[in-house]
Amino acid sequence: KMTSNPLPYPGLARAWLSFIRPKTWGVAIAPVIASLALVYIENLSFSLSVAIPTLTLALLMQIITNMENDLGYTERKAEKSNRKGLPRATSNGWISIAQAKFAIRATMVLSLLNTLLLVYVGGWGFLLIGVSSIIAAYCYMGGPYPIAYTPYGEITVLIFFGLTAVCGTYYLQVMYISTNAVLLGCALGATAASVLAVNNWRDRIHDASIQRKTLAVVLQDTNFKCVFYVMMFLPFLMTIIISYQLGSFFTLLPLLLLYLLPKLFKDFAVLEGFELNEVMFECVKIGLFYSLLFTVGVCLQFIL
């Protein structure tokens with residue numbers, strides 16, 4: 001079902017880009033890059049041949065989540081005029097329901113094949129991680145009880161795009177999980193969850209109107225703002241602990257991003273509607289920059 005006032009067709013390429021939303025892919029890339037850097041500083045090596053399929057699986061999970069979110073809204077007829085988010089390809093009729101379902105199923109098949117390759121490396125236990133990640137990506141907006149309609153979206157993101165992504169990447173390299181990998185997973189999971197938090201904050205009025213009980217709807221404004229602030233500070237606390245345990249001054253580099261928080265918090269508190277989309281993408285950038293600065297710090301540790 002299309003929206004009552006669908007936007008003009010943007011062309012084939014832009015329609016599909018709207019469906020898979022590459023601007024959010026940093027959420028999937030960041031934990032893998034940072035985890036590989038941690039593997040290296042703690043073990044002095046990592047396998048590129050294992051790292052590449054790990055990264056592609058993380059990206060496929062993000063793409064499935066994005067596509068299912070787009071399709072799920074349309075199928076549930078949950079797209080109303082008071083929503084202020086990015087345009088949905090299926091709601092606007094740019095991509096048909098049949099095309100969307102085929103794309104999701106095809107991507108799931110690719111994800112399973114990718115998972116089987118990693119099972120060869122990490123053992124059958126990794127099959128459980130891969131399958132559960134695919135199920136979680138689908139169930140965010142799909143199935144009879146979508147996670148997106150509950151207050152558990154942010155914690156689900158923290159678990160799968162943080163802890164699972166970092167610890168899974170780490171385990172595939174060295175066949176165990178270090179304490180620092182768990183802490184780093186919490187850090188990157190918090191930045192990923194903050195992206196969803198801004199999304200849900202932006203749409204809280206719309207979501208309440210369709211009985212979607214996200215964390216932003218359940219907690220109300222003041223409490224939810226506090227949760228968001230904690231999400232954004234947690235990565236920097238984890239950075240200090242990790243760097244202390246590594247005995248590395250250079251891995252404190254992500255703390256440079258603290259200068260972005262005052263403006264981010266102000267914008268989060270005062271902006272509304274479409275303007276919050278930029279705040280959401282700023283959170284994606286912070287997660288990606290955090291990962292890159294941590295990686296640079298690891299490199300400097302060995303160069304200097």
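**Exercise 1.** Determine whether lysine 23 of this predicted model is buried or exposed, and describe its surroundings.

*Solution.*
Step 1. The relative accessibility of lysine 23 is 59%. Exposed residues are those over 50%, so lysine 23 counts as exposed.
Step 2. Lysine 23 is placed in the loop between helix H1 (12-20) and helix H2 (26-43).
Step 3. Not counting residues up to four places away in sequence, lysine 23 touches Phe281 and Val284.
Step 4. Although lysine 23 and valine 284 are 261 residues apart along the chain, a separation of 8.1 Å lies between their C-alpha atoms.

**Exercise 2.** State how H2 and H11 are oriented to each other, and which residues form their contact.

*Solution.*
Step 1. The axes of H2 and H11 cross at roughly 15° and come within 8 Å.
Step 2. Angles under 35 degrees count as roughly parallel, and H2 and H11 are therefore roughly parallel to each other. Their crossing is left-handed.
Step 3. On the H2 side, the contact includes Gly26, Val27, Ile29, Ala30 and Ile33; on the H11 side, it includes Val284, Gly287, Leu288, Ser291 and Leu292.
Step 4. Sorted by class, the contact of H2 with H11 has 15 nonpolar, five polar and no charged residues.

**Exercise 3.** Carry out the corresponding analysis for H5 and H6.

*Solution.*
Step 1. Helix H5 (residues 125-139) packs with helix H6 (residues 153-174) at an angle of about 155°, and their axes are 12 Å apart.
Step 2. Angles over 145 degrees count as roughly antiparallel, which means that H5 is roughly antiparallel to H6. The crossing of H5 and H6 is left-handed.
Step 3. H5 contributes Phe126, Ile129, Ser132, Ser133 and Ala136 to the contact, while H6 contributes Phe160, Thr164, Gly168 and Leu172.
Step 4. These residues divide into five nonpolar, four polar and no charged.

**Exercise 4.** Identify which elements build the largest nonpolar core, and locate leucine 184 within its network of contacts.

*Solution.*
Step 1. The largest nonpolar core has 57 residues; Leu184, Leu188, Val198, Phe228, Met232, Leu264 and Phe294 touch the most other members.
Step 2. Two or more residues of this core come from each of H2, H6, helix H7 (179-202), helix H9 (215-246), helix H10 (261-270) and helix H11 (276-303). H7 supplies the largest share, twelve residues.
Step 3. Leaving aside neighbours within four places in sequence, leucine 184 is in contact with Ala34, Ser35, Leu38, Val166, Ile242, Tyr290 and Phe294.
Step 4. Another core, of 23 residues, lies apart from this one, with Ala15, Leu57, Ala100 and Ile104 among them.

Note on methods:
Residues numbered from 1 in each chain as written. Predicted model: local features only at pLDDT ≥ 70, side-chain atom pairs only at ≥ 80, totals over all residues. Heavy atoms only, no water. Axes fitted to C-alpha atoms, helices over the stretch in contact; angles between N-to-C directions. Helix = DSSP H or I, 4+ residues; strand = E, 2+ residues; numbered from the N terminus. Parallel < 35°, antiparallel > 145°, perpendicular 65-115°, else oblique. Left-handed = near helix turned anticlockwise from the far one by under 90°. Contact = heavy atoms within 4.5 Å. Nonpolar A, V, L, I, M, F, W, Y, C, P; charged D, E, K, R; others polar. Buried < 20%, exposed > 50% of the residue type's maximum accessible area, 1.4 Å probe, protein only. Core = buried A, V, L, I, M, F, W, Y, C linked by side-chain atoms within 4.5 Å.
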